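The following account leads the reader through a protein model, beginning with packed helices and proceeding to sheets and single residues. The reader is invited to keep the structure in view throughout.

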Amino acid sequence: MYNSNGHTKLVAIRSAWIRSQLLRYLLLALALAAPLALLGWIPAVTAAFICLGALLWWYRPWRLPLEEVATYLIQTFPELEDSTALVLKPAGERNLLETLQVEKISPVLSTLHLPSRFYRPVYRAAVVAGFMLLFTLGWYWLRAHMVYPLAGNSLATTQAAAKEKILPGISHVRINIQPPAYTHLPSRVQQGFNITAPDSAGIHWEIQTSQPVQHLSLLFNDSTRLELKPGKDSTTWTAARTVKKSGFYQVQLNDQLSELYQLQLLPDQLPVIRIASPKPFTTIEFGQSTKVNVQAALSDDYGIRDARIALTIASGSGEAVRFSEKELSFDNSFSAQSPAYQVNKVLNLSAMGMKPGDELYFHIRVTDTRQQETRSDVYIITLPDTAQLFSMEGMVTGVAFKPEYFRSQRQIILDAEQLIREKDSLGPARFNSRSNELGTDQKLLRLRYGKFLGEESESNIGDPRAAAEEGHDDHDHGHDHHGEEHTNNDPKDFGNAAKVLDEFTDKHDNAEDATFFDPAIKQQLKATLTEMWKSELQLRLYKPQEALPFAYKALRLLKDLQQQSRAYVAKTGVKTTPLKPEKRLTGEQDKIHPMVKKETSTYKDEMEAVRAALSILDARRAGDSSAAPDILQEALKLLTTRAAAAPAVYLPALEALRRIGQHQGTTRDILIAQRGLQKILTVPSQQPQPAAAPVGTSLPQRYFKNLKTGAIP
């Protein structure tokens, strides 16, 4: 049996903590649900319930045991004397001292008040929830009371918001837009004259008039006319047309003309190809797999119909080169004609008949549902010819670093291949010994090439003592040679400069400061040494088969370095005018006449009419209507051309400028026309300008003047 007062207090504290946590999670759920509801993904109430359920499921505050409550009270209130846990112990299991201690702390426990920091998590959650609610309300208010331009085009927004003006005789319009088959889009019906449809869509107009009319037609910007056919009562007029070009049109009812309506077509974009692998230039080294995985991401706005890989294999060299072409399809099925695909294809170069020295050129061709084709860049895969690396062609006339070094690398490869062939006849000990010897040869060759990068000297190669201290000497660059004591103090060496330099000079070179070659050759030489390191490692591990790929790559890099080292010097002499000693340093410039070439400038500012029209519109806003209308007509022609290509952008400005030209424009029309004309303006090209003459005499001019007058001795 528990102590009733103390146990009841612990249960009450536990219940208070659970309630505070539930309130805290409710506030956090509101804070998380507010932005989700603002984005319109899910309703606000649903979002709050989902967030609250997730928090309760994750934390589960109702699982708080009374032992943790007792531990919290012990850590918070020292007056409980670390004895709160005794309250949870049944009375029959307590000894005399525990019973006395429980009776002592029970009055303290019953009058205990929780500190303010107990509710601090609830306060923080309330602050976060209040901030998120205020932010959400503010953002919602901004969206409701501010108009943002669509795709940076305020004119399109103005046109979409403005109500279309329909001729008085028209009571109803119904336009059926049938997208072409390649879009896989359903047909739709709209009740307005402004049309936005896919390219090559079929448009069907159905116009109803309030009373019978005699004639109804559509006038397009390319001067074509579409006559509408009347119904039985001459109040329902229909016409259909396949539109293949953007522009604008008008409705002509008897002798009345409507305003301009846009006819905006959405062009079908070409497919997009993004190749993830392989790289644009890939070289398959000796020993690597000849299988290449081609991975690409294909996308199109309406759908992809087919995709293939076009391959071209180049074999041979010189005049005996041969080309063979073939096409391969991907493993994917394009029957669904989805707008995006992840495709892959494994190219087995050996199965294609490629041999060392051949090259593979391939590109991907993608066709969309409209038969539009896109080709990717050409990717190249090369199989290096290892036999060509052993060729000595070009090494006699060309400039090489050390021709025998190339022969040494080839000899290492030949010896390694011979060792692999004789592995079965040799014992393990003999095989490992010969592999280790090849590793030593590879090391010597690497050290020789290291001299070109300023690495350590190889004068001690072959010295047993140097080999024993190799691990220390090859890597210890922080040593101090100057503090060593030299026992070889021969009196005959007194005054020997070579001995002095030998004692007080560090002979170790810095690889970064080596200036034998330019950075590109130095970088390739470093890569060569890296491959030699890898080859030596495998040879030391008695794995000559795994060392061959690195050795072949090192040989190929050295071969490339040999070809890069060739240089051509033109053997042509340059004849210069002999100098006259009596004319030197005299400063005479009387016979030097600057070339002056006068040309008439034929530059014409194409936007001059637009700038003049903007000035006239500014004057119209100020109340001056006496400007010449010819300039506005020129600007109207430019706007008409632009509106035919992009009616959603320039059509409102064209309508406004037409009303201004007919003296029916308002201040709002002037603003719309100015915005449209400003979109036409471009930055004028820079024209040659005469250099500004210096205000005062420059220092060179004063020098030559004083030199001429003899003021300078």
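**Helix packing near the end of the numbering**

Helix H17 contributes Val 649, Tyr 650, Pro 652, Ala 653, Ala 656, Leu 657, Arg 659 and Ile 660 to a contact with helix H18, where the residues met are Asp 669, Ile 670, Ile 672, Ala 673, Gly 676, Lys 679 and Ile 680. By class, this contact of H17 with H18 comprises 11 nonpolar, one polar and three charged residues. The model in which this contact is seen is a predicted one.

Two packed helices are described by the angle between their axes and the distance between the axes. For H17 (residues 647-661) and H18 (residues 667-680), the angle is about 130° and the axes lie 8 Å apart. H17 is therefore oblique to H18. The crossing in which H17 passes H18 is left-handed.

H17 also packs against helix H16 (residues 629-645), at an angle of about 155° and with the axes 8 Å apart. Because an angle over 145 degrees counts as roughly antiparallel, H16 is described as roughly antiparallel to H17. H16, too, passes H17 in a left-handed crossing. On the H16 side, the contact is formed by Leu 632, Ala 635, Leu 636, Leu 639, Thr 640, Arg 642, Ala 643, Ala 644 and Ala 645. Their counterparts in H17 are Pro 647, Tyr 650, Leu 651, Ala 653, Leu 654, Leu 657, Arg 658 and Ile 660. The residues of this contact of H16 with H17 divide into 14 nonpolar, one polar and two charged. Tyr 650, Ala 653, Leu 657 and Ile 660 of H17 thus take part in the contact with H16 and also in the contact with H18.

**The protein as a whole**

These helices belong to a protein with 19 helices and 20 strands. Of its 713 residues, 35% are buried. Among contacts between residues at least 6 apart in sequence, 65% join residues at least 24 apart.

**A three-stranded sheet**

Strands S12, S14 and S17 form an open sheet in the order S12-S14-S17, with antiparallel pairing. S12 and S17 stand at the edges, each with a single partner strand, so one side of each lacks a neighbour in the sheet. Direction ignored, neighbouring strands of this sheet are turned by 25° against each other on average.

The pairing can be followed strand by strand. S12 (residues 272-277) is joined to S14 by five bridges, and the two strands run antiparallel. Here Ile 273 stands opposite Leu 298 of S14. On pairing with S17 (residues 340-348), S14 forms nine bridges, again in the antiparallel sense. Ser 299 stands opposite Ala 340 in S17, and Val 294 has Lys 345 of S17 as its bridge partner.

Which side chains of S14 are buried, and which are not? In a regular strand the side chains alternate between the two faces of the sheet. Such alternation is found along S14 (residues 291-299), where Val 292, Val 294, Ala 296 and Leu 298 point to one face and are buried. Lys 291, Asn 293, Gln 295, Ala 297 and Ser 299 point to the other face and are not buried. Among the residues named in the pairing, Leu 298 and Val 294 thus belong to the buried face, whereas Ser 299 belongs to the other.

**A five-stranded sheet**

Another open sheet contains five strands in the order S2-S1-S4-S8-S7, with antiparallel pairing. Its edge strands are S2 (188-190) and S7 (229-230), each of which pairs on one side only. Within the sheet, S4 (residues 201-209) and S8 (residues 236-243) run antiparallel and are joined by eight bridges. The bridge partner of His 204 in S8 is Ala 240.

**Two helix residues and their surroundings**

Ser 535 is located in helix H13 (residues 519-540). Its relative accessibility is 1%, so Ser 535 counts as buried. Not counting residues up to four places away in sequence, Ser 535 touches Gln 442, Ala 547, Phe 550 and Ala 551.

Arg 14 is found in helix H1 (residues 4-39). With a relative accessible area of 22%, Arg 14 is partly exposed. When residues up to four places away in sequence are not counted, Arg 14 touches Trp 62, Leu 64, Leu 66 and Val 69. The C-alpha atoms of Arg 14 and Pro 65 are separated by 8.1 Å, although the two residues are 51 residues apart along the chain.

Key: Residues are numbered from 1 along each chain as its sequence is written. This is a predicted model: local features need pLDDT of at least 70, side-chain atom pairs count only at pLDDT 80 or more; totals for chains, interfaces and linings use all residues. Side-chain values use heavy atoms; hydrogens and water are left out. Buried means under 20% relative accessible area, exposed over 50%, partly exposed in between (1.4 Å probe, protein chains only). Helices (H or I, at least four residues) and strands (E, at least two) are DSSP runs, numbered from the N terminus. Two strands pair if DSSP finds at least two bridges between them. Axes are lines fitted to C-alpha atoms, for helices over the stretch in contact, and angles run from 0 to 180 degrees between N-to-C directions. Contact means heavy atoms within 4.5 Å. Angles under 35 degrees count as roughly parallel, over 145 as roughly antiparallel, 65 to 115 as roughly perpendicular and the rest as oblique. A crossing is left-handed if the near helix is turned anticlockwise from the far one by less than a right angle, and right-handed if clockwise. Ala, Val, Leu, Ile, Met, Phe, Trp, Tyr, Cys and Pro count as nonpolar, Asp, Glu, Lys and Arg as charged, and the others, Gly among them, as polar.
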